Amino acid sequence: MSIRKGITRNIRSVRGGEGAHTPVLDAPALTGDVCIGDIVFIRVTARPFLEVASATNSWTNHVGVVIDNCGDEPLIAESTFPFARTTLLSRFLERSDHGHFAVARLNAPLDDAQRSALKAAAVRRLGTFYDTGFNLRSRRQFCSRFVREVINEATNFQLGEAETFATLLQHNAEPNLAFWRFWYFGRIPWQRLTVTPASLLRSPDVRVIFDSQAGGAL
């Protein structure tokens, strides 16, 4: 069953906050279409992550990577608060605002050795505490760094662009500096390097194979 058919036949609605309805997938229908190494992008509604999306001129603000697709449904590895963990695909997608998600795949297919290396790289990082400072050089992790490093360790592809906060925010016509000053206790770390979900999604080394907003498989 294709991703498009899986969604068409298996979406159901659940009532969320304030009467909103969020699409939830019957994830087993996607198992045959999602591969190890696929990168899944969602949009969570916690305020800091909404500000990340706004700062990057993108809808997405959270990302995980598929590390297993042999069970009843794919397993996502992600860096989230309070620490990196694995999550079933259905649980991962349920957290996305209005059910919006996209799946991207590396342009170069992975071989068996790379798939094993990718899973091992993710497992080694499980349990690492979340870095709320989004610092590419810290001992902690955050979602886009986690996925970037796992992919790089397994394939040598360096997804996304490492950039300073100064560079990142200068691309936004109306950056919410008041929020970021609050987040960083009054002083934005302008020269701190980071990497964002939007940067991974825009990487030339991946292609989007599914986007729920675009009507399905691409």
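This short talk goes through the fold, a set of paired strands, two helices and the empty spaces of one structure.

Let me begin with the basis of the numbers. This is a predicted model, so local features need pLDDT of at least 70 and side-chain atom pairs count only at pLDDT 80 or more, while totals for chains, interfaces and linings use all residues. Residues are numbered from 1 along each chain as its sequence is written, and side-chain values use heavy atoms, with hydrogens and water left out.

As for the overall picture, the protein has eight helices and 11 strands, where helices (H or I, at least four residues) and strands (E, at least two) are DSSP runs numbered from the N terminus. Of its 218 residues, 51% are buried; here buried means under 20% relative accessible area, exposed means over 50%, and partly exposed lies in between, with a 1.4 Å probe and protein chains only. The exposed surface comes to about 10700 Å², with carbon and sulfur atoms supplying 50% of it, and these areas come from the Shrake-Rupley method with a 1.4 Å probe, only the protein chains shown counting as cover for residues. Among contacts (heavy atoms within 4.5 Å) with a separation of 6 or more, 67% are between residues 24 or more positions apart.

Let me turn to the strands. I take two strands as paired if DSSP finds at least two bridges between them. Strand S3, residues 39–42, runs antiparallel to S7 and is joined to it by four bridges, with Ile39 standing opposite Ala104. S3 also pairs with strand S4, residues 62–68, in the antiparallel sense over four bridges, and there the bridge partner of Ile39 is Val65. In a regular strand the side chains alternate between the two faces of the sheet. In S3 both faces are covered, since Ile39 and Phe41 on one side and Val40 and Ile42 on the other are all buried.

Why is S7 described as largely enclosed by the rest of the structure? Five of the six residues of this strand, residues 101–106, are buried, and so the rest of the structure largely encloses it. Besides S3, S7 pairs with strand S10, residues 206–211, in the antiparallel sense over five bridges, and Leu106 has Val206 as its bridge partner in S10.

Next come the helices, and helix H2, residues 47–55, which holds Glu51. Is Glu51 buried or exposed? Its relative accessibility is 10%, and therefore Glu51 counts as buried. Leaving aside residues up to four places away in sequence, Glu51 touches Asn176, Phe179 and Trp180. Arg47 lies in H2 as well, but this residue is partly exposed, because its relative accessible area is 45%. With the neighbours up to four places away again set aside, Arg47 touches Asn176 and Phe179; Arg47 and Phe179 are 132 residues apart in sequence and 9.7 Å apart in space, C-alpha to C-alpha.

In helix H3, residues 89–94, we find Glu94, which is partly exposed at a relative accessible area of 34%. Glu94 and Val44 are 50 residues apart in sequence, with a C-alpha to C-alpha distance of 9.5 Å.

Finally, the empty space. Rolling a probe the size of a water molecule over the atoms shows where empty space is left. On a 1 Å grid over the protein atoms alone, a cavity is a set of points where a 1.4 Å probe fits but cannot get out, whereas a pocket is an open set with protein on both sides within 12 Å along at least five of seven lines, and lining residues have an atom within 4 Å of a point. Grid points are joined across faces, edges and corners, and a volume is the space filled by probe spheres set on the points.

How many cavities of 30 Å³ or more does a search of the whole structure find? The search finds one, and the largest cavity holds about 170 Å³ of space. Its lining has 18 residues, of which Val52, Phe134, Thr194, Val195 and Thr196 lie nearest the centre. The elements giving two or more residues to that lining are H2, helix H5 (143–155) and helix H6 (165–170).

The largest pocket has about 220 Å³ of space. Among its 15 lining residues, Glu161, Glu163, Thr196, Ser199 and Arg202 are the closest to its centre.
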